[in-house]
Amino acid sequence: MKQSDQSVSGKTHQTDWKAVRDEFPALHQQVNGYPLAYFDHAATAQKPRKVIDAMTRYYEFDNANVHRGVHSLSQRATLAYEEARQKTARFICAKDPSEIIFTSGTTASVNVVALSWGRAHLKPGDEVLVTGLEHHANLVPWQMACAMTGAQLKIVPVNEFGEVSTDSVAEMLHSKTRIFAFSWISNALGTINPAHDWVQLAREKGITTLIDAAQVAAHHPIDVQHLGVDFLCFSAHKMMGPTGLGVLYGKKSILETLDPVFGGGDMIDEVTYEKSTWADLPYRLEAGTPNIAGVIGLSAAIDFLESIGWQNISRRESELLQYALEKLSEIPQIRFIGSPKERAGVISFVVDGVHPYDLGILLDEQGIALRTGHHCAQPLMRHFGITGTCRVSLAIYNTFEEIDQLDRAIKRALRLLGISQSN
Amino acid sequence: MMNIPSNMKSIQDQLAADFEYLDDWEERYAYLMDLGKEVQGLSPEEKTSDNLIRGCQSRVWLITRYENNRLWMSADSEAFIARGIIALLMKVFNGQTPSDILNENFDLPERIGLTAHLSPGRANGLAGMLSRIRHDASLALGTQNRN
């Protein structure tokens with residue numbers, strides 16, 4: 001019944017998954033007397049030693065502010081910072097490093113677009129289109145932009161499987177739509193949306209597009225040129241990099257038209273008491289001292305992911321997902337929320353009669369880290385008539401043994417909660 | 001329900017002793033959830049947003065009533081463990097005087113071996129419930145002092 005990781009590593013060719021897992025120090029600990037089984041990757045990923053070391057090394061040897069000093073440390077820090085920008089540009093196939101803006105996270109990236117682009121382009125009568133699958137990070141900023149400009153927010157509905165149909169998208173993209181902002185992968189259900197097709201549909205009608213790729217960056221290669229998307233946002237911490245750092249990609253021709261949202265150091269050309277002029281891209285959108293250590297950590301995270309390779313990552317994740325779905329399906333009390341055909345390594349479920357909070361606590365007692373609650377997607381939860389779910393999210397460092405541990409822990413928790421199989 | 005309870009220190013001691021008999025986390029949670037089943041709960045009309053305690057992953061509603069110089073409370077939650085926490089709080093605080101409530105050192109969570117989940121930092125509503133009870137006790141004390 002239990003697949004061993006050895007047999008699986010055979011299937012996935014050369015990758016030694018135990019060695020990959022060993023790179024993550026935080027995974028090797030006991031929680032409440034059990035080995036930690038970390039299934040909360042979609043909230044934040046664990047960090048490999050290479051990322052932690054790169055950031056420590058920066059603080060120990062190279063710490064200096066960037067773009068300012070002529071001294072050697074500042075030169076080294078600036079070089080590392082700008083090399084990371086080039087690497088990030090290559091990572092998502094951007095044409096030019098100046099199309100990469102470092103922010104504090106996906107949320108900040110979406111907010112910059114909603115505030116700056118929104119203020120310049122939205123007016124009463126216009127529509128902003130998002131889907132019913134959005135994380136609050138790609139919903140609330142648009143509500144705020146609409147309130148500010150008089151534009152209207154429209155939502156493409158989600159079906160019973162937790163999918164958004166391309167036909168519905170096509171129908172709702174029309175002459176009043178100014179921007180279509182959507183998540184590529186749903187954080188709550190794991191639904192993978194056909195990002196390329198949706199961007200093409202919008203482009204045919206001259207509509208600006210934004211992709212929330214927060215759940216994509218660690219799992220799937222991103223090619224912004226192939227996508228043809230105008231803006232794309234993601235966070236370093238969900239791709240095994242540090243917290244507090246995000247990326248806003250924008251096509252240069254559009255970024256050049258954006259007014260800065262934040263003013264301050266590093267983003268100016270000339271300042272007098274009367275007025276200021278802005279620096280060139282990307283600096284005009286990066287006011288103040290940036291998260292230098294974070295950028296260096298992101299650079300190491302990119303190296304780490306690329307050293308494993310997308311094919312291996314995708315094969316491993318889909319094997320883990322299939323195994324987890326198989327095991328959880330065998331527990332009769334579990335009801336999956338969302339059953340999208342195209343699904344990333346995320347499984348949301350409820351047990352009728354049991355609050356996700358209770359289950360989450362009783363699983364934590366057995367070393368299982370998963371997410372309970374609304375996953376920052378309250379409207380989506382309402383759509384399914386629930387207040388929250390338990391969410392298992394998987395990453396390459398998870399093991400089949402951990403999924404077995406999860407299976408045993410859920411059964412034990414349900415016994416304790418008095419929810420027997422016969423119910 | 002209007003029976004005047006014993007003093008809070010001895011109630012906490014008694015509860016701590018009850019939990020001491022239980023061997024492992026499973027037994028402790030089972031007992032906590034059993035205590036929760038005794039909580040009378042609230043009617044749907046009482047589950048208003050005013051009575052909702054913020055900051056809990058599971059929704060918790062709490063109502064207090066000041067009568068005969070004592071604070072009486074009723075509460076409800078949709079989660080079994082949160083109802084267990086409510087039961088503990090009710091056993092300790094229900095029917096006590098506002099000044100006693102404000103002076104009591106509530107250290108039961110640490111003493112019953114469920115610290116990890118009953119600590120105020122967890123999104124379990126315990127901190128919210130405690131601060132609501134103390135807030136209402138302060139208000140009641142204000143009323144008492146004015147009379």
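**A walk through chains B and A**

In chain B, helix α7, which covers residues 126-146, lies across the strands β1, β2 and β3 and runs at about 20° to β2(B). This arrangement, like everything described below, belongs to a predicted model. A second helix, α3(B), lies across β2 and β3 of chain B and runs at about 170° to β3(B).

The strands beneath these descriptions form an open sheet in chain B, with 3 strands in the order β1-β2-β3 and antiparallel pairing. At its edges stand β1 (52-53) and β3 (70-77) of chain B, each of which pairs on one side only. Strand β2(B), residues 60-67, is joined to β3(B) by 8 bridges, the two strands running antiparallel, and among the residues involved Val60(B) has Ser77(B) as its bridge partner in β3(B). The loop between β2 and β3 of chain B holds Asn69(B), a residue that is not a glycine and yet has a positive phi of about 65°. Most residues other than glycine have a negative phi. Asn69(B) counts as partly exposed because 13 C-beta neighbours lie inside 10 Å, whereas 20 or more would be needed for a residue to be called buried.

Taken as a whole, chain B has 7 helices and 3 strands, and along the sequence these follow the pattern α-α-β-β-β-α-α-α-α-α. Of the 147 residues in chain B, 35% are buried. Among the contacts in chain B with a separation of 6 or more, 67% are made by residues 24 or more positions apart.

Chain B also meets chain A, with 12 residues of chain B in contact with 10 residues of chain A. On the side of chain B that touches chain A, α2 (25-37) and α3 (80-93) of chain B each supply at least two residues, and α2(B) gives the most, with 4 residues. By class, that side of chain B has 7 nonpolar, 3 polar and 2 charged residues.

Turning to chain A, the domain assignment gives domain 1 as 5-31 + 309-416 and domain 2 as 52-306. The C-alpha centres of domain 1 and domain 2 of chain A lie 28 Å apart, and the contact between these domains takes 23 residues from domain 1 and 23 residues from domain 2. On the side of domain 1 of chain A that touches domain 2, α12 (310-329), β14 (346-351) and α14 (378-383) of chain A each supply at least two residues, with α12(A) giving the most, namely 4 residues. The residues on this side of domain 1 divide into 12 nonpolar, 7 polar and 4 charged.

Chain A has an open sheet of 7 strands in the order β4-β10-β9-β8-β7-β5-β6, and the pairing is mixed. Because β4 and β6 (152-156) of chain A stand at the edges with a single partner strand each, one side of each is left without a neighbour in the sheet. Neighbouring strands of this sheet are turned by 20° against each other on average, direction ignored. Strand β5(A), residues 127-131, runs parallel to β6(A) and is joined to it by 5 bridges; Leu129(A), for instance, has Lys154(A) in β6(A) as its bridge partner.

Several strands of chain A also help to cover helix α5(A), a mostly covered helix in which 12 of its 16 residues are buried. The buried residues include Val110(A), Val112(A), Val113(A) and Trp117(A), together with Thr106(A) and Asn111(A). What covers the buried residues of α5(A) includes β4 (100-103), α6 (140-149), β8 (208-212), β9 (231-235) and β10 (246-250) of chain A. The length of α5(A), residues 106-121, can be checked as well: at 1.5 Å a residue its 16 residues should span 22 Å, and the end C-alpha atoms are 21 Å apart, which agrees.

Two backbone details in loops of chain A complete the tour. A cis peptide bond, with omega about -5°, joins Leu281(A) and Pro282(A), and Pro282(A) is found in the loop between β12 (276-278) and α11 (292-308) of chain A. In the loop between β16 (371-373) and α14 of chain A sits His375(A), which has a positive phi of about 55° although it is not a glycine. His375(A) counts as buried because it has 23 C-beta neighbours inside 10 Å.

Conventions
Residues numbered from 1 in each chain as written. Chains lettered and ligands numbered in written order. Predicted model: local features only at pLDDT ≥ 70, side-chain atom pairs only at ≥ 80, totals over all residues. Expected span 1.5 Å × (residues − 1). Contact = placed C-beta atoms within 7 Å. Pairing = 2+ DSSP bridges. Axes fitted to C-alpha atoms, helices over the stretch in contact; angles between N-to-C directions. Domains from an automatic or database assignment. Nonpolar A, V, L, I, M, F, W, Y, C, P; charged D, E, K, R; others polar.
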